[in-house]
Amino acid sequence: MSELRKRKPSSTNTPSSSAPKPPVPPPIPSDSDSIVSESEPVPVPASKQKTKPPKSDKTQETSGAKKWSCVDSCCWLIGIICSVWWVLLFSYNAMPPSIPQFVTEAISGPMPDPPGVKLQKEGLKAKHPVVFVPGIVTGGLELWEGHQCAEGLFRKRLWGGTFGEVYKRPLCWVEHMSMDNETGLDPPGVRVRPVTGLVAADYFAPGYFVWAVLIANLARIGYEEKNMYMAAYDWRISFQNTEVRDQTLSRIKSNIELMVSTNGGKKVVVIPHSMGVLYFLHFMKWVEAPAPMGGGGGPDWCAKHIKALINIGGPFLGVPKAVAGLFSAEAKDVAVARSIAPGVLDSDFLGQTTLRHVMRMTRTWDATMSLIPKGGDTIWGGLDWSPEEGSVCPPDKEEYSNGINYGRMISFGKDIAEAPATEIDQIDFRDAEKGNNIAHSNGSCGDTWTEYHEMGWRGIKAVADYNVYTTGSLVDLLSFVAPKMMQRGSAHYSYGIADDLDDPKYQHYKYWSNPLETKLPNAPEMEIFSLYGVGLPTERAYVYKLAQSAECYIPFQIDTSVNNGTCLKDGVYLVNGDETVPVLSAGFMCAKGWNGKTRFNPAGIKTYIREYVHAPPSNLLEGRGTQSGAHVDIMGNFALIEDVVRIAAGATGDEIGGNQVHTDILKWSERIKLKL
């Protein structure tokens with residue numbers, strides 16, 4: 001094991017921000033100044049010399065302002081790409097449907113019938129009412145009350161739709177999308193609320209579907225708004241606070257009861273996606289818990305009202321991507337962009353859309369903390385092991401991850417990520433002294449303040465000196481670098497494994513969204529499905545470095561210079577998944593934790609895994625594809641839609657084919673030693 005040493009008090013003082021500035025360089029000579037070169041020019045007769053009038057200061061300023069730069073090129077390139085995209089999108093939607101269909105069929109052959117049409121021909125009819133539970137960021141948010149800068153935006157979407165206000169008034173947009181950093185609720189004078197109805201999450205932006213394709217296919221067999229319900233909620237605030245502020249959980253309970261009573265007593269089929277999976281886990285415990293903490297529905301409410309729970313892309317055990325987002329406001333794509341244009345995302349060039357502003361805003365969204373990986377080293381692995389070790393690195397089916405230790409979620413340097421555990425020297429950061437603020441003393445960071453500036457150089461160095469973090473130390477790390485955020489989060493979420501689920505402490509709502517610290521409801525006739533995409537490289541662990549300049553910057557960033565085949569790319573270790581949720585998180589509970597009668601599933605609810613191998617679209621006219629396994633695009637996957645529609649029409653898990661497994665999730669689950 002690694003050697004863990006206590007940190008010694010710092011005996012040297014780090015240079016403060018008040019250090020003397022370097023002298024200002026002399027001005028560049030103007031055109032009229034004489035410049036002496038190494039080789040003397042041949043003299044020119046005075047009669048042949050052409051004299052130019054000296055440029056005025058105004059002329060020089062004008063010529064300097066017209067100088068073309070790399071930034072101008074980037075802006076023009078982005079503008080051209082966006083313009084071409086919108087023209088193509090408009091043309092595609094304006095032309096008769098038969099034309100793109102004819103072209104597509106000419107290229108790739110006859111198109112299959114959509115699942116709804118196919119099942120309609122088979123005679124399937126609408127049976128069970130359907131409840132959709134959207135995930136994080138896919139639900140629309142609109143303004144109900146705001147400050148003076150938001151004049152004219154009443155009930156206009158701030159999130160979703162065209163996102164026009166992001167570009168028109170970015171300062172105002174960030175101000176209204178942020179929550180109060182102390183309470184996690186509305187800032188004074190601001191009310192942003194979720195859009196209601198099916199339109200809340202059918203499309204995320206024009207032309208970018210989320211639930212729309214599934215809704216359209218359900219409509220083919222007779223569904224309409226009276227037996228479909230979008231359980232929209234404010235995905236920024238903690239799950240329990242959606243009830244405290246908006247009574248969202250009570251509204252979901254009432255709507256489900258109404259749908260059951262008005263549809264002949266038929267139970268509902270609930271379809272959560274992404275973070276909505278965790279939100280509905282919380283709901284199932286809340287609805288049966290006694291008031292005032294719970295909904296008072298009693299221990300048999302779920303058994304009476306829910307036929308099946310179809311989880312799509314469920315991050316049951318969290319996602320590593322959430323750690324990178326909270327730690328450095330990055331993910332793989334952002335890190336690559338940050339390396340291509342160093343300093344741009346860390347500067348004020350993009351106004352309020354730079355990383356520092358993104359971090360300041362997203363760290364007020366308490367719901368993001370529900371996605372921090374759960375189960376510690378028992379689930380995700382430690383310094384010297386991980387469940388997925390030796391697996392195939394997608395999309396390369398021949399490269400294996402032998403020797404890669406995914407349990408090291410954050411490593412400072414590739415050498416640390418690959419070193420034997422016994423050779424890693426860790427200096428404990430938890431009792432490190434914070435100090436020597438890096439920018440606040442002169443106020444140079446202004447509104448871009450983050451909690452990293454309060455840590456100072458000593459705190460930042462202490463984090464890097466610990467060298468490597470497993471899941472077991474991530475909560476301590478985030479509590480050190482973002483104490484306000486984690487103080488709020490610790491009141492609403494928990495990330496451990498319960499020793500005794502009958503302990504009264506697990507009746508508190510902070511445990512309800514963690515499947516390792518709560519029991520499934522007593523509903524033996526209910527079925528639980530885990531549907532998710534596979535075959536796409538998905539973030540699992542990160543190689544970090546200290547930023548070259550940390551003043552007003554986020555001091556940590558993913559080291560995109562580190563690469564090694566398809567398993568390690570741009571500083572990110574990749575495993576099989578749907579580009580967002582690793583297979584381990586999406587599949588473990590149904591593969592082992594809830595499989596059969598366990599202490600987490602005392603009623604023995606039947607569980608099923610259905611994996612869908614990703615296949616890219618065959619041509620551009622196919623859009624995002626009908627066989628996609630990507631986290632959001634899978635909502636248009638024909639095979640998944642067919643499974644969902646069949647279950648809604650009354651089929652059981654066995655009738656749609658039972659388990660459908662393409663990965664090694666069953667083998668990985670056996671490597672995890674969890675008391676069942």
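**Close-up 1. Helices H7 and H21 pack against each other in this predicted model.** Here we look at H7, which spans residues 212-220, and H21, which spans residues 638-648. The two helices pack at an angle of about 45°, and their axes lie 10 Å apart. That angle makes H7 oblique to H21, because it falls in neither the roughly parallel, the roughly antiparallel nor the roughly perpendicular range. The crossing of H7 past H21 is right-handed.

**Close-up 2. Side by side at the contact of H7 with H21.** Zooming in on the residues, H7 brings Val213, Leu214, Asn217 and Leu218 to the contact. Facing them from H21 are Ile641, Val644, Val645 and Ala648. Seven of these contact residues are nonpolar, one is polar and none is charged.

**Close-up 3. Strand S19 and its parallel partner S14.** Is S19 (residues 606-613) enclosed or open? Six of its eight residues are buried, so S19 is largely enclosed by the rest of the structure. Strand S14, made up of residues 527-534, pairs with S19 in the parallel sense, and eight bridges connect the two. For one of the pairs to look for, start at glutamate 527, whose bridge partner in S19 is lysine 606.

**Close-up 4. Strand S15 with S11 and S18.** S15 covers residues 536-546 and is mostly covered, with eight of its eleven residues buried. Strand S11 (residues 410-412) pairs with S15 in the parallel sense over three bridges. In that pairing, isoleucine 410 has tyrosine 542 of S15 as its bridge partner. Strand S18 (residues 572-577) runs antiparallel to S15, and six bridges join them. Here proline 537 stands opposite asparagine 576 of S18.

**Close-up 5. Strand S15 meets S16.** Staying with S15, we turn to strand S16, which comprises residues 556-558. These two strands run antiparallel and are joined by three bridges. Tyrosine 544 is a handy landmark, standing opposite isoleucine 558 in S16.

**Close-up 6. Stepping back to the protein chain.** To place the earlier views, it helps to know that the secondary structure comes to 22 helices and 19 strands. The chain has 676 residues, of which 51% count as buried. Among contacts with a separation of 6 or more, 74% are between residues 24 or more positions apart.

Methods
Residues are numbered from 1 along each chain as its sequence is written. This is a predicted model: local features need pLDDT of at least 70, side-chain atom pairs count only at pLDDT 80 or more; totals for chains, interfaces and linings use all residues. Side-chain values use heavy atoms; hydrogens and water are left out. Axes are lines fitted to C-alpha atoms, for helices over the stretch in contact, and angles run from 0 to 180 degrees between N-to-C directions. Helices (H or I, at least four residues) and strands (E, at least two) are DSSP runs, numbered from the N terminus. Angles under 35 degrees count as roughly parallel, over 145 as roughly antiparallel, 65 to 115 as roughly perpendicular and the rest as oblique. A crossing is left-handed if the near helix is turned anticlockwise from the far one by less than a right angle, and right-handed if clockwise. Contact means heavy atoms within 4.5 Å. Ala, Val, Leu, Ile, Met, Phe, Trp, Tyr, Cys and Pro count as nonpolar, Asp, Glu, Lys and Arg as charged, and the others, Gly among them, as polar. Buried means under 20% relative accessible area, exposed over 50%, partly exposed in between (1.4 Å probe, protein chains only). Two strands pair if DSSP finds at least two bridges between them.
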